[in-house]
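Me: I'm new to this structure and would like a close look at one part of it, with enough of the surroundings to find my way. Could you take your time and explain the terms as you go?

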Amino acid sequence: MFIDLHTHSVKSDGGMQPREVVDTAKNAGLAAISLTDHDVIDGVREAMARGAEVGMEVIPGIELSAKFKTETHVLGYFIDLDNPGFLEKLEEIKRVRMQRNYDTAENLRKIGFPVTVEDAMELAPNGIVGRAHFARVMANRGYVSSVKEAFDLYLANGKPGYSTLQLLTPRDAVELIKSAGGMAFLAHLHLTRLEGQELYDFVAELKDAGMDGIEGYYTEYTPEMEAEYQALAKRLDLLISGGTDFHGAMKPHIAIGKGLGNLAIPYSILEQMKECRK
């Protein structure tokens, strides 16, 4: 039995409706998924309801963006979807995200790509625009050969189109997830571009803030990264999660449950998370 605890729908920057993400996971033979849209939980109930219909376990989740010197995201699982303080903070995050989109559009304009927020919003039926929407516009217009190239050259952290505007620090993100009864996990560690003692210290600091674990399986990890991060989790007595960062047609090179074709995340990972919640 295999799982995928890092997926996105049209409620943020994915290409499928939440129920379609569940159906795709079911057809791929997965036993469980988590819908972890960026900064929103709008699609979680739909995904959970569809999961109940088709016999697919769906964990309520979210992926929060955080302000740090490198790209940092924190995944939240088992979120209380009705927590008032959590919902209020998400509205504030949404406002900051929109400003970040205008910054991204301006950054792209300065380097010769006339892509507007309105262009990106045409691909965002829920009104939540992310970098993947800008990347898709760029690919559709032939500015780049693919969404991946748009990220690699222009939209990744440190690239000329990237905006650093965020509301939360990594510690804030962990504490917000915990305040809503969730479990917090640092996502795709390689994107932090931290290594060795610096990475250890950063993860240890977030553990002190209440973080439960780190993403030990991920689409872009090399075998060496996977071994390193799982060893780091063991050293710090942290749990591990795992997911593909599935976005459907917005990132068509990533398959649900499989990533680039070589991922197989065991259900035992989710069992360990559940055990620690008891």
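Reply: Let's start with burial: of the 278 residues in the protein chain, 56% are buried. A residue is called buried when its relative accessible area is under 20%, exposed when that area is over 50%, and partly exposed in between, using a 1.4 Å probe and protein chains only. Please keep in mind that this is a predicted model, in which local features need pLDDT of at least 70 and side-chain atom pairs count only at pLDDT 80 or more, while totals for chains, interfaces and linings use all residues. Residues are numbered from 1 along each chain as its sequence is written, and side-chain values use heavy atoms, leaving out hydrogens and water.

A little more of the whole will help before we zoom in. The protein chain has ten helices and eight strands; these are DSSP runs numbered from the N terminus, H or I of at least four residues for a helix and E of at least two for a strand. Along the principal axes, the C-alpha atoms of the protein chain fill a box of roughly 50 × 45 × 40 Å. Its radius of gyration is 17 Å, which agrees with the value near 19 Å that a compact globule of 278 residues would have. That radius is taken over C-alpha atoms, and the globule rule is 2.2 Å times the number of residues to the power 0.38. Of the contacts in the protein chain with a separation of 6 or more, 73% join residues 24 or more positions apart; contact here means heavy atoms within 4.5 Å.

Now for the close look, at helix α1, residues 18-27. Its buried residues are P18, V21, V22 and A25. They sit on the same side of α1, because they cover an arc of only 100 degrees around the axis. The arc is that of the directions from the helix axis to the C-beta atoms. The cover over the buried residues of α1 includes two strands on either side of it in the sequence, β1 (2-7) and β2 (32-35), together with α2 (44-54) and β3 (57-66).

The loop that leads into α1 from β1 holds S9. At 0% relative accessibility, S9 counts as buried. Leaving out residues up to four places away in sequence, S9 touches G14, M16, Q17, P18, V21, L35 and D37. Two of the buried residues of α1, P18 and V21, are in that list.

At the other end, just after α1, G29 takes a positive phi of about 85 degrees. Most residues other than glycine have a negative phi. F78 makes a useful companion to G29: the phi of F78 is near 60 degrees, a positive value in a residue other than glycine. F78 lies in the loop between β4 (72-77) and α3 (84-110), and it counts as buried at 13% relative accessibility.

Move on past β2 and you reach T36, in the loop between β2 and α2. T36 is buried, with a relative accessible area of 0%. Beyond its neighbours within four places in sequence, T36 is in contact with L5, H6, T7, H8, G61, I62, E63, L75 and Y77.

The far end of the chain comes back to this part too. Y267 is in the loop between β8 (265-266) and α10 (268-277), and it is buried, with a relative accessible area of 13%. Its C-alpha atom is 9.1 Å from that of D4, although the two residues are 263 apart along the chain. Not counting residues up to four places away in sequence, Y267 touches M1, F2, I3, A31, A32, E57 and K274.

For a second helix to set beside α1, look at α7, residues 170-179, whose buried residues are P170, A173, V174, L176 and I177. These cover an arc of only 165 degrees around the axis, which puts them on the same side of α7. They pack against β3, β4, α3, β5 and α8. The strand β3 is thus a handy landmark, because you can look for it against α7 and also in the cover of α1. Just after α7, G181 takes a positive phi of about 75 degrees.
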